[in-house]
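Thanks, everyone. Let me put the structure up, and then we'll go through pockets, helix packing and a few backbone details.

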Amino acid sequence: MFIGLGLPIGAPASLLTWARRADALPFRSIALLDRLAYGNPEPLITLATLAGATSRVRLQTEVLLAPLHRTALLAKQAATLDVLSDARFTLGIGLGGRADDYAAAGVDKHTRGRRLDGQMSRLRSVWAGEPYGEGVGPVGPAPARPGGPEVLFGGFVPAVVERVARWGDGFLGAALPAPMMDGLFRDVEKTWDEAGRSGRPRLVAQVNVALGPAPVLDEARRQARAYYGPSAYTDHVVNGLLTTERGIRDAVTAYRAVGADEVMLYCWATDPDQVDRIADAVL
């Protein structure tokens, strides 16, 4: 099983340092969150920059809110990043649910699921080299990975499980305890098999972490609370933040036991020394 590292969104200027340190350690992936009406760095642009600063570690959106993006441009950006990273890019996709993000994009929040399904059909078509539509030729470049970059779907509803089986390469479950993740993983595998897909889906779990003295942990909680905004889910994330080496190791062990192929440790503290602290805890 692999360990990945989620990069903090609160200090964009430090992300090159984070990425280089992670690349020098046995982390498999580094990842970035997405929002529009917020102060986070845009993930595709940022990951393209980090691709040039690294040589080994994979680059992942976790997750990109695809319905906020124009489909043809998203197809081109993802394929370009796949090429520039030498097929190290994973496109993690989700819907999100914040009304301000959808208002800023001029997209109807209530039709986001149907929009995503239409986008996936177009993305797969573009990455296969097919014309985009009537009177429109192919949208290049051709991705480095045949068929397009690896696609993971994140979320908790049955439609997500169906999308993995129809369009995806795997599933990303965030901030759920291992017993609940176990049920989701088994649903994904069952639906995958029923769809006649070959091989098996990649199963990824995400947990939120921060290590260090009280001021560092307080900052991490503030960052998470600001990102998620006022909601019951915010309290779930903040209260569930793992802040000890033992807690992180126990979570990794539990996710391994339910079949996770990778555990993403999403860090909310901004100090780059977190990279070494987290590595010392689990690698």
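Start with helix α8. It gives the most to the lining of the largest pocket: three residues. Keep in mind throughout that this is a predicted model. α8 covers residues 214-228. It shares the job with two other elements. α6, residues 158-167, and β9, residues 170-174, also supply at least two lining residues each.

How many residues line that pocket in total? The count is 28. If you want to find the centre, look for V63, G96, R98, F156 and Y233, which lie nearest to it. The space inside comes to about 740 Å³.

What is the lining made of? By class, 14 residues are nonpolar, eight are polar and six are charged. Hold on to those charged ones for a moment.

Now the second largest pocket. Its volume is about 170 Å³. Here the elements are β10, α9 and α10, each with at least two residues in the lining. On the sequence, that is 202-209 for β10, 232-239 for α9 and 245-257 for α10. Among the lining residues you will see A175, L176, P177 and A178. Further along come V207 and N208, then H236 and V237. G240, L242, A251 and Y255 belong to the lining as well.

And the chemistry? Nine of these residues are nonpolar, three are polar, and none is charged. Set that beside the largest pocket, with its six charged residues.

Next, the backbone. Go back to V63, one of the residues nearest the centre of the largest pocket. The peptide bond between E62 and V63 is cis, with omega at about -5°. V63 sits in the loop between β3, residues 58-61, and β4, residues 64-65. So note the overlap: V63 is on the list for the pocket centre, and V63 is also one partner in a cis bond.

There is another cis bond to look at. This one joins G140 to P141, and omega is about 5°. Where is P141? Find the loop that runs between β7, at 136-138, and β8, at 150-154.

One more backbone point. D86 has a positive phi, about 60°, and D86 is not a glycine. You will find D86 in the loop between α3 and β5, where β5 spans 89-94.

That brings us to helix packing. Two packed helices are described by the angle between their axes and the distance between the axes. I have three pairs.

Pair one: α3, residues 71-84, with α5, residues 112-127. The axes come within 9 Å and cross at roughly 45°. That angle makes α3 oblique to α5. The crossing is right-handed. On the α3 side, the contact uses T71, L74, A75, A78 and A79. On the α5 side, look at Q119, R122, L123, V126 and W127. By class, this contact has seven nonpolar residues, two polar and one charged.

Pair two: α1, residues 15-23, with α11, residues 274-282. Again the axes come within 9 Å, and here they cross at roughly 30°. The two helices are therefore roughly parallel to each other. α1 passes α11 in a right-handed crossing. Who meets whom? W18, R21 and A22 in α1 meet Q274, V275 and D276 in α11. That contact has three nonpolar residues, one polar and two charged.

Pair three keeps α11 and brings in α10. Their axes come within 9 Å and cross at roughly 60°. That makes α10 oblique to α11. This crossing, too, is right-handed. α10 brings E245, I248, R249 and V252 to the contact, and α11 brings R277, A281 and V282. Four of those residues are nonpolar, none is polar and three are charged.

So what should you click on? Take α10 for a start. α10 packs against α11, and α10 also supplies at least two residues to the lining of the second largest pocket. Then go to V63, with its cis bond to E62. That's my tour. Questions are welcome.

How values were computed:
Residues are numbered from 1 along each chain as its sequence is written. This is a predicted model: local features need pLDDT of at least 70, side-chain atom pairs count only at pLDDT 80 or more; totals for chains, interfaces and linings use all residues. Side-chain values use heavy atoms; hydrogens and water are left out. On a 1 Å grid over the protein atoms alone, a cavity is a set of points where a 1.4 Å probe fits but cannot get out, and a pocket is an open set with protein on both sides within 12 Å along at least five of seven lines; lining residues have an atom within 4 Å of a point. Grid points are joined across faces, edges and corners, and a volume is the space filled by probe spheres set on the points. Helices (H or I, at least four residues) and strands (E, at least two) are DSSP runs, numbered from the N terminus. Ala, Val, Leu, Ile, Met, Phe, Trp, Tyr, Cys and Pro count as nonpolar, Asp, Glu, Lys and Arg as charged, and the others, Gly among them, as polar. Axes are lines fitted to C-alpha atoms, for helices over the stretch in contact, and angles run from 0 to 180 degrees between N-to-C directions. Angles under 35 degrees count as roughly parallel, over 145 as roughly antiparallel, 65 to 115 as roughly perpendicular and the rest as oblique. A crossing is left-handed if the near helix is turned anticlockwise from the far one by less than a right angle, and right-handed if clockwise. Contact means heavy atoms within 4.5 Å.
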